[in-house]
Amino acid sequence: FHTRWLEHEHLSAYPKANISLLRPSMSFMMIQTPDPLTLKDALPDFSKTTHIFLPINDCRNVMEAEGGSHWSLLLVSVVDGVAFHYDSLCESNDHEARVATQKMATLLGRSLRFISMDDCPQQENGSDCGIFVCLLMRYLLLNRLLRADSKEKVSMSMAGKNVEASSGRKEMLKIIDGFRKEGRRRSYVSALSRRLKRTVGTLTMSLVRCSRSKSPFSDHSKSPPRIGDE
């Protein structure tokens, strides 16, 4: 959900930014497919793209749903011909990231130089890799790429950058809770709208039936009877 949230809440404010945030499923599919060119119709159009973010997973079994045990981030700078790999657990996903780089080079029709970012912040346990990927992606997108001038050289180094996984996890939960509340609100509004439509429809049919009912006055009478003086 995080890539969609970044696109909706932040990237949409920069319509001229040709930056692509690939879904994890797309990255995995690309890594596991022998010829990535066969996936062109299933992937975004990269013809005008300047940068591509790819979440990398170490799962190698295509039959295993939600497999793998580690996530890392690959940032491809198409304009510079470089792929930066950010791994919060040393170089655990080095092989998968290099394969993804080769597949992206084939899709883009140009060579890509692979750089392992040794200064990437490191996680302190075995479960924070996903949070690190989300926070690194957001930081690089918002604080580096979207803030840079087109003529400015941007450093992709993360030296000295501290990643607070605990606060990041709380923030993710807050975002998810916001989506949940918005979903309930939309569901309530939709249900209310359906009830109103049914009520309006019922009233309309009642009015139609009333307008078509026979007059209580005689067909031969030119006007309704008057109340005379007694």
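So, what pattern does the chain follow when you read along the sequence? It goes α-β-α-β-β-β-α-β-α-α. That's five helices and five strands. Before I go on, keep in mind that this is a predicted model.

A few overall numbers to start. There are 230 residues in the chain, and 37% of them are buried. The chain exposes about 15,000 Å², with carbon and sulfur atoms supplying 53% of that area. And if you take the contacts with a separation of 6 or more, 65% of them come from residues 24 or more positions apart.

Okay, the inside. The largest nonpolar core has 31 residues, and the ones touching the most other members are F53, Y86 and L141. Where does this core come from? At least two residues each are supplied by α1, β1, β3, β4, α4 and α5, with β3 being 71–77. Helix α4 gives the most, eleven residues. Now, domain 1 is 1–163 and domain 2 is 164–207, and both of them give residues to this core, so the core lies between the two.

Let me zoom in on F53 for a second. Which residues does F53 touch, leaving out anything up to four places away in sequence? From the earlier part of the chain you get I19, S20, L21 and L22. Then there's L73, L74 and L75, and finally M137, L140, L141 and L145. If you want to click through those, remember that α4 runs over residues 129–145.

There's also a second core, separate from that one, with 22 residues, including L39, A97, V99 and L108.

Right, charges. Side chains of opposite charge can pair when their charged atoms come close. Here the count is six salt bridges, and I'll walk through some of them.

Take R138 and E171, whose side chains meet at 2.6 Å, N to O. This pair links distant parts of the chain: R138 is in helix α4 and E171 is in helix α5, residues 165–212, 33 residues apart. Buried or exposed, what is R138? R138 counts as buried because its relative accessibility is 17%, and the cut-off for buried is under 20%. E171, on the other hand, is partly exposed at 32%.

Then there's R23 with E7, closest N and O atoms 2.9 Å apart. Again, that pair links distant parts of the chain, 16 residues apart: R23 sits in the loop between β1 (19–21) and α2 (24–32), while E7 belongs to helix α1, residues 2–9. E7 has a relative accessible area of 25%, so E7 is partly exposed.

R98 and D94 form a salt bridge too, with 2.9 Å between the closest N and O atoms. This one stays inside helix α3, residues 94–108: the two are four residues apart, which means about one helical turn between them. D94 is buried at 16% relative accessible area, whereas R98 is partly exposed at 40%.

Two last things to look at on screen. C90 has a positive phi of about 55 degrees, although C90 isn't a glycine. You'll find C90 in the loop between β4 (82–86) and α3, and it's exposed, with a relative accessible area of 60%.

And on the outside, Y188, V189, L192 and L196 make a nonpolar surface patch of about 380 Å². L196 lies in helix α5, the helix that also holds E171 from the R138 pair.

Definitions and conventions. Residues numbered from 1 in each chain as written. Predicted model: local features only at pLDDT ≥ 70, side-chain atom pairs only at ≥ 80, totals over all residues. Heavy atoms only, no water. Salt bridge = Lys/Arg side-chain N within 4 Å of Asp/Glu carboxyl O. Buried < 20%, exposed > 50% of the residue type's maximum accessible area, 1.4 Å probe, protein only. Core = buried A, V, L, I, M, F, W, Y, C linked by side-chain atoms within 4.5 Å. Domains from an automatic or database assignment. Contact = heavy atoms within 4.5 Å. Patch = residues over 30% accessible without salt bridge, like charges linked within 9 Å, V, L, I, M, F, W, Y side chains within 5 Å. Areas by Shrake-Rupley, 256 points an atom, 1.4 Å probe, with all protein chains shown as cover.
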